[in-house]
Amino acid sequence: MKENREELIETIDEQGNKVTFELVDIVTVDDVEYALLLPPDTDEDEGEILVMRLKKDGDDYTFETID
């Protein structure tokens, strides 16, 4: 059974489409923050978690893909 999703993040993909993810956690590795994201209709036990680098932009954060 799915739990209520607490924090949803909306972002724009490379094709300009709005995409929504659940923010699972933020982790720091070597002083760099990474967001662990899950599509909101995906069960954590079954889905793949997307990892994106967080970049501070003023008071906001942007997500960067990891090469």
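**A five-stranded chain, strand by strand**

Leaving aside its neighbours within four places in sequence, E64 is in contact with M52, R53 and K55 (contact: heavy atoms within 4.5 Å). E64 belongs to strand β5, and its C-alpha atom is separated by 5.0 Å from that of R53, eleven residues away along the chain. With a relative accessible area of 27%, E64 is partly exposed (buried is under 20% relative accessible area, exposed over 50%, partly exposed in between, with a 1.4 Å probe and protein chains only).

The model is predicted, and local features need pLDDT of at least 70, side-chain atom pairs count only at pLDDT 80 or more, and totals for chains, interfaces and linings use all residues. Residues are numbered from 1 along each chain as its sequence is written, and side-chain values use heavy atoms, with hydrogens and water left out.

The chain has five strands and zero helices (helices are DSSP runs of H or I with at least four residues, strands runs of E with at least two, numbered from the N terminus). In sequence order the pattern is β-β-β-β-β. The average pLDDT of the chain is 82, and 85% of the residues score at least 70 (pLDDT is the predictor's confidence in each residue, from 0 to 100). Among the elements, β3 has the highest mean pLDDT, at 92, and strand β5 (residues 60-64) the lowest, at 84. Of the 67 residues in the chain, 18% are buried. Among the contacts in the chain with a separation of 6 or more, 17% are between residues 24 or more positions apart.

The start of the chain can be followed from E7, which lies in the segment before β1. E7 touches F21, E22 and L23, not counting residues up to four places away in sequence. The C-alpha atoms of E7 and E22 are 5.8 Å apart in space, while the two residues are 15 apart in sequence. E7 counts as partly exposed, because its relative accessibility is 44%.

T20 is found in strand β2. Once residues up to four places away in sequence are set aside, T20 touches L8, I9 and E10, and also P39 and P40. P39 is 19 residues from T20 in sequence, and the C-alpha to C-alpha distance between them is 6.6 Å. At 26% relative accessibility, T20 is another partly exposed residue.

After β2 comes the loop that leads to β3, and it holds both D30 and D31. D30 has a positive phi of about 50 degrees although it is not a glycine. In D31, also a residue other than glycine, phi is positive and near 65 degrees. Most residues other than glycine have a negative phi. Both side chains belong to exposed residues: the relative accessible area is 73% for D30 and 77% for D31.

The inside of the model is next. The largest nonpolar core has seven residues, namely I9, F21, L23, A35, L37, M52 and L54 (a nonpolar core is a set of buried Ala, Val, Leu, Ile, Met, Phe, Trp, Tyr and Cys residues joined through side-chain atoms within 4.5 Å). At least two residues of this core come from each of β2, β3 (32-38) and β4. In soluble globular proteins, nonpolar side chains tend to be buried together. One of the core residues is L54, which touches I26, E33, Y34, A35, Y61, T62 and F63, not counting residues up to four places away in sequence.

The last feature is the largest pocket, which contains about 260 Å³ of space. A pocket is an open set of points on a 1 Å grid over the protein atoms alone where a 1.4 Å probe fits, with protein on both sides within 12 Å along at least five of seven lines; lining residues have an atom within 4 Å of a point. Points are joined across faces, edges and corners, and the volume is the space filled by probe spheres set on them. The lining consists of T11, I12, D13, E14, V19, F21, L50, V51, M52, F63, T65 and I66. F21 and M52 appear both here and in the largest nonpolar core. At least two lining residues come from each of β1 (8-12), β2 (18-29) and β4 (50-57), and β4 gives the most, with three. By type, the lining has eight nonpolar, two polar and two charged residues (Ala, Val, Leu, Ile, Met, Phe, Trp, Tyr, Cys and Pro are nonpolar, Asp, Glu, Lys and Arg charged, and the others, Gly among them, polar).
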